[in-house]
Every structure is written in structure tokens, then in C-alpha cells.
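Please read these notes with the structure open beside you, and take the points in order. Each one picks out a few places to look at.

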Amino acid sequence: MKPIRIALTKGRLEKKTVELFEKMGFDCEQLHHKGRKLILEIPNQNLEVVLAKAADVITYIEHGVCDIGIVGKDTIIEYGGSFFEVTDLHFGACRFALAGKKGFDFYAGHAEKTIATKYPNVTRKFFDDKGIDVKIIKIEGSVELAPLLGLSDAIVDIVETGSTLKENGLEVYEDVAQISARLIVNTVSMKIYQTEIENIINQIEQVLRESEKK
């Protein structure tokens, strides 16, 4: 049988996921010493791991070239997609927040506000749900610059500790959504490899339950 292929988000979720795999008893030697390899094996488990950018994880899962994905809820909310969102992995926890210059009353007045963000879909939904019209500017780099340069009235961005905001004279006005890493599964793979995938899900959930007890 072909290996079950797992698409794993590079960066901060990668480290936590490798820790999770090791708690499951997986040999993660290749993940620790990956070099330039693009597809990595987990020996004796019939598993392959593909390291990818967050948005690409969803693409690989949707198109069925990977069976299981580990990706942040932020990416799921922003890009959407057709797959099963199976388990909250309870790591990579942070939040989307509306933020801007300290002391600015964002909701005062009736003028249309401008929001800078890397996440236009998340931002649009947040304000649509409030019935507020805003102008959204897509930023790829340091979003915090936008209100400091006068480009926007506020930003919507991922906040972990809030230290970057504080250091730049910004503050959180309101939380938008809580986010963490999620396990997603291709809908067809779940049918074809149900036993194998459910076994992996059960192992993951067992480790999560044991971690909660400690």
C-alpha cells in the first residue's frame, strides 16, 4: 500500500508537530536532519511527510496529493477549502486581533475606516458580521507599519504575546478569533484509507489526552 502522506506547515508548527510525532513513538530522524529533501519518510510507519507553506498544505490536501495536513486555523479561516477538519491539536495557539495606535477610538465617528492586513478574507468577514464597511489594504510584510505610516486606521493580524505591538506604540482594540493548529484530512483519502487514517488520528488524540492530564 502506498504511504499515507502528511503535509506539514513549515516553521513554528513544524517543531511542535515533530514533538507530537515523537510522543507517538515515531522515528523523526529525517525530520530533524532534512537537508534539502522535499519528501521525508517516517520509518516503519508507512508515512511520508511533505513540508510546505501553510496555504500550500490546504492546496495539497484539497487536490489529494497529500492525505493528512497540519495547518493553523488562521489559514483555514482565510483560505477555506473542501476537507475534513478533524482535531484541534492545541498548539500554535494565538489569536487574530484588531489593533492600532494607542488611545485611538476605532469605532468613533461614521467615516469609513481603512484596515491593513495579510488576511483580507478574515478581516472582511469580521467587519461584515458587524455590519461595518471598511476599506481593506493587503500587506505582505510588517503590518504594524501601516498605522504608523498613516496608511491605515488599524490592522488585523495574528497576535501571540503582543510585544511587537507594544514596542511600536500599538494596542489591541478587540479580539477577532482564537486560532491553533488543526488536523485536516482529504475527503477521498478518509474513505479509501479510513483504517490507517483513523489509527493515526486515534494515536494523536491519545497523546493529546495524556498531555492534558500532566
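1. One definition is needed before anything else: a residue is called buried when its relative accessible area is under 20%, exposed when that value is over 50%, and partly exposed in between. K130, with a relative accessible area of 35%, is therefore described as partly exposed. Please keep in mind throughout that this is a predicted model.

2. K130 is also a good place to begin looking at charged pairs, since the side chain of K130 forms a salt bridge with E174, in which the closest N and O atoms are 2.9 Å apart. This pair links distant parts of the chain, because K130 belongs to helix 5 whereas E174 belongs to strand 10, 44 residues away. E174 has a relative accessibility of 23% and so counts as partly exposed.

3. Helix 5, which runs over residues 120–130, also holds K125 and D129, and these two are 4 residues apart, about one turn of the helix. Their side chains meet in a salt bridge with an N to O distance of 2.9 Å. D129 counts as exposed, because its relative accessibility is 57%.

4. The salt bridge between R182 and E85, at 3.0 Å from N to O, deserves a separate look. Here too distant parts of the chain are linked, with R182 in strand 11 and E85 in strand 5, 97 residues apart. R182 counts as buried at 13% relative accessibility, while E85 counts as partly exposed at 35%. Salt bridges that share partners join K73, E85, D88 and R182 into one network, and the count of salt bridges comes to 10.

5. Which side chains does the side chain of S180 meet in polar contacts? One polar contact, of 2.8 Å, is with the side chain of D88, and another, of 3.2 Å, is with the side chain of R182. S180 lies in the loop between strand 10 (170–179) and strand 11 (181–185), yet at 7% relative accessibility S180 counts as buried. Leaving aside residues up to four places away in sequence, S180 touches several others, including V71, G72, K73, F91 and A93.

6. Is strand 9 largely enclosed by the rest of the structure or largely open? Strand 9 covers residues 154–159, and 5 of its 6 residues are buried, so this strand is largely enclosed. Strand 9 pairs with strand 6 (residues 94–101) in the antiparallel sense over 5 bridges, and A99 stands opposite I155 there. Strand 9 also pairs with strand 7 (residues 113–117), in the parallel sense over 3 bridges, where I115 has A154 as its bridge partner.

7. L149 is found in the loop between helix 6 (145–148) and strand 9, and L149 is exposed, with a relative accessible area of 67%. Together with L145, L148 and L151, L149 forms a nonpolar patch on the surface, whose accessible area is about 380 Å² in total.

8. Finally, two backbone angles should be checked, because most residues other than glycine have a negative phi. N44, in the loop between strand 2 (39–42) and strand 3 (47–52), has a positive phi near 65°, and N44 counts as exposed at 79% relative accessibility. H90, in the loop between strand 5 (84–88) and strand 6, has a positive phi of about 65° although it is not a glycine, and H90 is exposed at 52%.

Conventions
Residues numbered from 1 in each chain as written. Predicted model: local features only at pLDDT ≥ 70, side-chain atom pairs only at ≥ 80, totals over all residues. Heavy atoms only, no water. Buried < 20%, exposed > 50% of the residue type's maximum accessible area, 1.4 Å probe, protein only. Pairing = 2+ DSSP bridges. Patch = residues over 30% accessible without salt bridge, like charges linked within 9 Å, V, L, I, M, F, W, Y side chains within 5 Å. Areas by Shrake-Rupley, 256 points an atom, 1.4 Å probe, with all protein chains shown as cover. Salt bridge = Lys/Arg side-chain N within 4 Å of Asp/Glu carboxyl O. Polar contact = N/O pair within 3.5 Å; in protein donor to acceptor, adjacent residues only side chain to side chain. Contact = heavy atoms within 4.5 Å.
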